[in-house]
Amino acid sequence: QVQLVESGGGSVQAGDSLRLSCGASVRTFSRIVMGWFRQAPGKDREFVAAILWSGGGTDYADNVKGRFTISRDNDNITLYLQMDVLKPEDTAVYYCAAKSLPTSRVYNVRRLNEYDIWGQGTEVTVSS
């Protein structure tokens with residue numbers, strides 16, 4: 001069973017930057033899409049960003065577009081989320097997730113249930 005591990009969270013001031021990383025317990029495994037989601041206290045988990053693992057196409061939630069960048073390293077092993085111009089409303093636990101199971105149907109990278117592997121999360125706190 002592949003496990004995902006997030007790192008890089010912390011407490012910062014508004015306007016600061018953070019870079020989150022997501023590694024896996026095995027060096028390589030089949031993944032179709034990888035995404036970042038977040039869950040603020042008292043709220044539902046929400047989509048942040050996703051990247052198609054083979055083609056590199058990306059998608060972002062409107063409230064992070066232009067401030068966050070999702071990427072993967074050149075070895076296609078580690079997932080990143082560069083977060084710039086952080087705002088207090090970005091405060092949440094951030095989770096990385098992988099869609100590893102192939103499917104012939106059209107899927108929506110913004111939907112939580114598309115993903116079958118999840119990390120435990122890393123906390124980000126942004127103070128004003």
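At the heart of this predicted model lies its largest nonpolar core, a set of 36 residues. The members with the most contacts inside this core are W36, L79, L81, M83 and Y94. Several strands feed into the core, each supplying at least two residues: strand 3 (18–24), strand 4 (33–39), strand 5 (46–52), strand 7 (68–72), strand 8 (79–83), strand 9 (92–99) and strand 11 (122–127). Such a grouping fits a broad trend: in soluble globular proteins, nonpolar side chains tend to be buried together.

Let us visit one of these core residues. Which residues does M83 touch, leaving aside its neighbours within four places in sequence? Its partners are D16, S17, L18, L20, R67, F68, Y94 and V124. If you pick out M83 in the structure, you can look for each of these partners in turn.

F68, one of those partners of M83, makes a good next stop. F68 sits in strand 7. With a relative accessibility of 2%, F68 counts as buried, because buried means under 20%. Setting aside residues within four places in sequence, F68 is in contact with R38, V48, Y60, L81, Q82, M83, D84, L86, D90 and Y94. Y107, by contrast, is 39 residues from F68 along the chain, and the C-alpha atoms of the two are separated by 23 Å.

Now step back and look at the whole fold. How many helices and how many strands does the protein have? There are zero helices and 11 strands. Reading along the sequence, you therefore meet the pattern β-β-β-β-β-β-β-β-β-β-β. The radius of gyration of the protein is 14 Å, close to the 14 Å that the globule rule gives for 128 residues, so the protein is as compact as a globular protein of that length. Along its principal axes, the C-alpha trace spans about 45 × 25 × 25 Å.

A few overall values fill in this picture. Of the 128 residues in the protein, 41% are buried. Among contacts with a separation of 6 or more, 57% are between residues 24 or more positions apart. The accessible surface comes to about 6,700 Å², and 45% of that surface belongs to carbon and sulfur atoms. As for charge, the protein has 14 positive and 14 negative side chains, and the centres of the two sets lie 5 Å apart.

V33 gives you a closer view of strand 4, where this residue is found. Is V33 buried or exposed? Its relative accessible area is 1%, so V33 is buried. Not counting residues up to four places away in sequence, V33 touches A50, I51, L52, W53, A97, A98, K99, Y107, V109 and Y115. V33 and L101 are 68 residues apart along the chain, while their C-alpha atoms are separated by 9.6 Å.

Next, let us follow the chain around strand 8. T78 is in the loop between strand 7 and strand 8. Although T78 is in a loop, this residue is buried, with a relative accessible area of 17%. Beyond residues up to four places away in sequence, T78 touches S21, C22, W53, S71, R72 and D73.

Y80 lies in strand 8 itself. This residue is buried too, with a relative accessible area of 16%. Its contacts, not counting residues up to four places away in sequence, are R19, L20, S21, W36, T69, I70, S71, R72 and D73. One of these, W36, is among the residues with the most contacts inside the core. Y80 and C96 are 16 residues apart along the chain, and 9.2 Å separates their C-alpha atoms.

Our last stop is the loop between strand 8 and strand 9, where V85 is placed. Most residues other than glycine have a negative phi. V85 is not a glycine, yet it has a positive phi of about 50 degrees. V85 is partly exposed, with a relative accessible area of 47%. K87 is found in the loop between strand 8 and strand 9 as well, and at 34% relative accessibility K87 also counts as partly exposed. Leaving aside its neighbours within four places in sequence, K87 is in contact with R67 and V126. The C-alpha atoms of K87 and N63, 24 residues apart along the chain, are separated by 10 Å.

Note on methods: Residues numbered from 1 in each chain as written. Predicted model: local features only at pLDDT ≥ 70, side-chain atom pairs only at ≥ 80, totals over all residues. Heavy atoms only, no water. Core = buried A, V, L, I, M, F, W, Y, C linked by side-chain atoms within 4.5 Å. Buried < 20%, exposed > 50% of the residue type's maximum accessible area, 1.4 Å probe, protein only. Helix = DSSP H or I, 4+ residues; strand = E, 2+ residues; numbered from the N terminus. Contact = heavy atoms within 4.5 Å. Rg over C-alpha atoms; globule rule 2.2 N^0.38 Å. Areas by Shrake-Rupley, 256 points an atom, 1.4 Å probe, with all protein chains shown as cover. Lys, Arg positive; Asp, Glu negative; His and termini not counted. Charge placed at Lys NZ, Arg CZ, Asp CG, Glu CD.
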